[in-house]
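Q: Please take a close look at one chain of this assembly, its fold and the partner surface that it meets.

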Amino acid sequence: MVSEWLVVTAVVISALSGVPGLLSPRQGPARERLFTGAMTVAAVCAAVAALVALFGGTSQELSAPWPVPGGQLAIRVDAISAMFVLQIALLAGLGAWYGLAYWPQRDHPRDGRKLRVFYGAVTAGMLLLVVARNGILFLAGWEVMAASAFVLVSTEDHLPAVRDTGYLYILSTRAGTLCLFAMFALLGAAGSSAGAGADLHMDRWPAALSSPLGDAIFVLGLCGFGLKAGAMPLHVWLPSAHANAPSHVSAVMSGVLIKTGIYGLVRLTSLAPSPPAWWGYALVAVGILSGVLGVWFAIGQHDLKRLLAYHSVENIGIIFLGLGVAVLGRSLGRSDLVVLGLAGSLLHVWNHGLFKGLLFLAAGAVVHATGTRQIDRLGGLSRRMPRTSLLFLVGAVAICGLPPLNGLVSELFVYLGLFRAATSHDGMWLAGALGAPALALVGALAVACFVKVFGAVFLGEPRSADGANAHDPERPMLVPMAILAAGCAFVGLGAPVVSMALDVVVAAWIGPGARSAPALSSMAPVVWISATSAGLLVVIVLLTWWLVRRARSTAAEPAVGTWDCGYAAPSARMQYTSSSFAERLIALLAFVLRPSVHPPKLEGLFPESGSFHSHVPDTVLDRVLVPSFRLAARLLGRLRPIQHGKLHLYLLYIFGTLIVLLLWR
Amino acid sequence: MTVIAVAHAVIHLLLVLALPPLMIGVVNKTKAFFAGRAGPPLLQPYHDLAKLLGKGVVLSKTTSWIFLAGPAVGLATTFCAALLVPLGGHAAPVRFDGDFVLFAYALGLGRFFTVAAALDTGSAFEGMGGAREATFACLAEPAVFFGMLVLARSSGSYSLSVMMGQAVTAMWSTSSAALAAVLVSWFVVLLAENSRIPFDDPNTHLELTMIHEVMVLDHGGPPLAVILYGAAMKLFVFGAVLIAVALPGAGRDPWLAWAVFVGATLLLSVVVGVVESVMARLRLPQVANILIAAGLISAFGAVLLVR
C-alpha cells in the first residue's frame, strides 16, 4: 500500500511542479528552483516506492470507482511497474537538475516556463501509466504523456524545423493511440464475450488475450506500442523529435518515454497465459530489423543528437529480441528462455536509460558549449571539455555493450537466450540462429559508430571555430551525468546484485500461477562477468598509468603537431571526418540507406574549389510514407469538403455518429 | 583446485605471455625463405620489443591520454581474451557460460580504443586506417558468431572451454562438415583481424593502402612495443581458437598436449607465412566481399547442423 500512495504523491507533485512558475513573470527566475525541488521530491517518492515494491515484498491494489465507462481508478506497483517507475524517477529527477543550467529562465524567457510545466506533466503521465491497472486509466496517463511530449518536442516552436518535427510527432503519436484505442476496444469486447465483463481491469485481460481475438489484440498492441517505442519501421518520428527537443528532454524521451511502449508490450505479453509462438517470432523479427537498420542509419548521420536517436531504434531492437525470446520460451514451455530473454530485455531497458540518458546529456553539454550539433564542425573537445569527454566516453563504451560496463551484462543475457533457442531442436532454432549473429553485427556496427563520434567530436583538432571557446558545463549539468555514468559502472560491476532484482521482475511476468522459474544467476554467469570485467578494468588502468608515466618521464613537453607523413602545413580540415569514416559502411548498404551524395564537378587540369556534401535521409519516411501519404491525399481529396474547420458542424458529426451507433445497437 | 590444475593454469599464462612474438618470428622467417633471403633471427621480435621499451616517447601536441590508453587497452583486452580460450585441450583459467560473448566484446573494446587512439592524432591517414579497421571488423563479427553457434549447437555447451575443448573430438565424428566450414571461415577472419596478406600487408610502405599499420604510425617507443606485443598476442589468440577446433586435445596425455599445442602454433605461423608469400594483396573493396563470404560459409555450417 505504501508504494501506491508514494507513487500517487509523486504523480501529483510532478504534475503541479511547473505551475507556480506560470504565476511569476517571464523575466526573472520564475520559480525554477521550486520546480527542481518539487521534481526532486517527486523523484525520491517514486524511487522509494519502486525500491519498496522490488525488495519489500507484497504490493496491494489501490482502487476507487471512476464514472468513466469501463474505467476504474486502480493502481498497483508490482515488480514490473517498479522497474519502470525507478527509471522514470531517476531520469526525470536528474533531467530537472540538468535543465537548471541547460535551459535557465534568464536565457529562455519565452519558453522556459512552458517547458517546465509540461516536463512535470510528462513525468506524471509516465508514472501514472506504468502503475495503472485499468485500461482507461492507462490510456489517460498515456495521452497526458503523449500530448505533453508534443509540447516539449516543439519547445522552440519559432524554428520551422522544430515545427515540422512537432507535426510529425503528433501525427505518429495519434496513429499509435488509434491502434491502442482499437486494442482496448477489442480487449473489452473479447473480455465481455469471454464472460469477464467489459471492465478493462488488467485482471480481465488474460481471458481476452486467450480468446480468438487475442492475435488481433497483439497486432494492434505491437503497432501502437511499437510506434511509441520507435521500432523499425515505425520509428519515423523519433530521430527528428530527439534531435530537436532540448537535450534533457531528449534524455527523458529516449531514456524512459519510448520505454513506455516496451512497458505496454511487456505487460500485454505477461497477461497472455499461453501466447502463440508467432508472437515471439514477430518480436524477434522486428528486433533484428530495428537493431541492424537502426545502427546502420545512425552511422550515416551528421547531427550528433539525430545519430543518438537512431541508436535508440537500435537498442529498442535489442530489447525486442530479448522480449521475443521470452515470449517464445513462454509459448513453448521453456522457462530458461523466459528468464534469460526477459531479464536481458528488461535490464537493457534500464541500461539504455542509463547510457542513452548520459549520452544525450553529454551531447547537450557539447551543444551548449559550441552551439552546433554538426559532428563534422567539431573536434578536439577532449582538451577543452575533459570531464564531458570522459563521461561521453563512458556512455559510448557502455552503449556498445563493451566490458566493463552495463551494456555487456544485458546483451550477454540476450545472447544466452538466443543461443539456447538456437541449440534447441524445435522450430525456434531459426530465431536464435539469425538473432545472435544479427546482435553481433549490431554490436560491431555500434563500436564503429561510437568510435567515429567520439573521435570526430572529442579527439583531434577543432574543425571549425565553433568549439574554440568551449568549456565544461556547470555543476548542475555535470553531476547528473556523473550519476548516470556511475549507474553504468554499477550495473556492469555489480551484476549479481542487479540479477536479484531481475529475478523478482521475471517472477512477476511469469505470474503467480505458473511454477517458479529458475534463478537468473543459475543460468547466467553474473558473478564471473562482473569479476572478469573488474579484473580487466584493473589491468587497463595499471597499464595506461604505466604508459602515461613512462611518457611523462621520457618525453619533452609536446612542441609540434602530428607528423602527418611529412606534409608541412596540415590544416584541421584535412582530418578524416565522420562522414569519410562512415563512407564505406554506408556504401555497403546503399540499396537500403539510399544516401544522397552531391559531389563537386571537377573540370580541367586545375579545377577550381568545389564542395561535397552527402547525407542519409530516413528511407521509410521519405520513400515510403511521404509518397503514400501524397497518394492518399490525392485519392481522398474528394472528401475534403467535409473537412472545413467549422466547429459546430464537427460537433454535429459526432452527435450523428453517436445516434447511428445507438440505433445500431 | 588441485596442484595439477594450478600448474596447467600457470603454463597457460606463460604460453600466452611468452609465445606470441615467436609466432611473428616464424612468419617472418617463412616469408624470408620464400623470398630467398636469410631473414631476421627467429627471436628478433623479442629483441625489437626490448629495444622499443628502452626508448623514449614522442608525443604530438594534438594527442590526449587516449593516445596512450589505446595501446594499453588493446593489450589488456587481448590478454583477457587469451585467458578465455582453452589451449591444448586444457580448460581455460577463466570459463563460464557465455564466455564467448566476453571474448568477442573484449576484443571489441580493444578495437574501440585502438581506433580512438588513431583518431586522437588528428591525422587523415590514421583516420583512414581506423575507418577500415572498424568497417572490416563489423563484417567479421557475424562470421565469428555463426561459428560459435555451430560449436554451441554441436557441443550443447555455451562455454569456450567445452565447445572448443573436451567436446570437440566427439563433434568431429558427428558434424565434421559444419566444423570444416567454421575452420575455413575463421581462418579468413584470422587473416583479416590480424592484418595479414591478402587483407593487409604488415610491411607495406604506402600509408594509403594500410589498415592496421597506419593506425599506429605516430606511436613510438614503449607504446609501440605494447602495440606490437598486443598484435602478436592477438595472432596467438586467434591461432589458438583455430587449433582448438582443428586439433582436439582430449584423450591424449595432458603434458604432451601442451607440446602438441606449441608445435601446432608454430605450424600455423608457417601456414600464415606461406599464405603471405604466395598470395597478392586484395584490392580494398574486395576485402568486404571476402569477409561477407566468410560469414556465409559459417552460416552454411550452422544450417548443416539442422535436422
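A: **Chain B and its contact with chain A**

Of the 307 residues in chain B, 61% are buried, where buried stands for 20 or more other C-beta atoms, placed from the backbone, within 10 Å of the residue's own. The model is a predicted one, in which local features need pLDDT of at least 70 and side-chain atom pairs count only at pLDDT 80 or more, while totals for chains, interfaces and linings use all residues. Residues are numbered from 1 along each chain as its sequence is written, and chains are lettered from A and ligands numbered from 1 in the order of writing.

Chain B holds 13 helices and zero strands, these being DSSP runs of H or I with at least four residues and of E with at least two, numbered from the N terminus. Its radius of gyration, 19 Å, is close to the 19 Å that the globule rule gives for 307 residues, so chain B is as compact as a globular protein of that length; the radius is taken over C-alpha atoms, and the rule is 2.2 Å times the number of residues to the power 0.38. Along the principal axes, the C-alpha atoms of chain B fill a box of roughly 55 × 45 × 40 Å.

Among contacts (C-beta atoms, placed from the backbone, within 7 Å) in chain B between residues at least 6 apart in sequence, 79% join residues at least 24 apart.

Across the interface, 63 residues of chain A are in contact with 67 residues of chain B. On the chain A side, α16 (381-384), α18 (406-422), α19 (429-458), α22 (526-554) and α23 (578-588) each supply at least two residues, and α19(A) gives the most, with 14 residues.

Conventions:
Contact = placed C-beta atoms within 7 Å. Buried ≥ 20, exposed ≤ 12 C-beta atoms within 10 Å, placed from the backbone.
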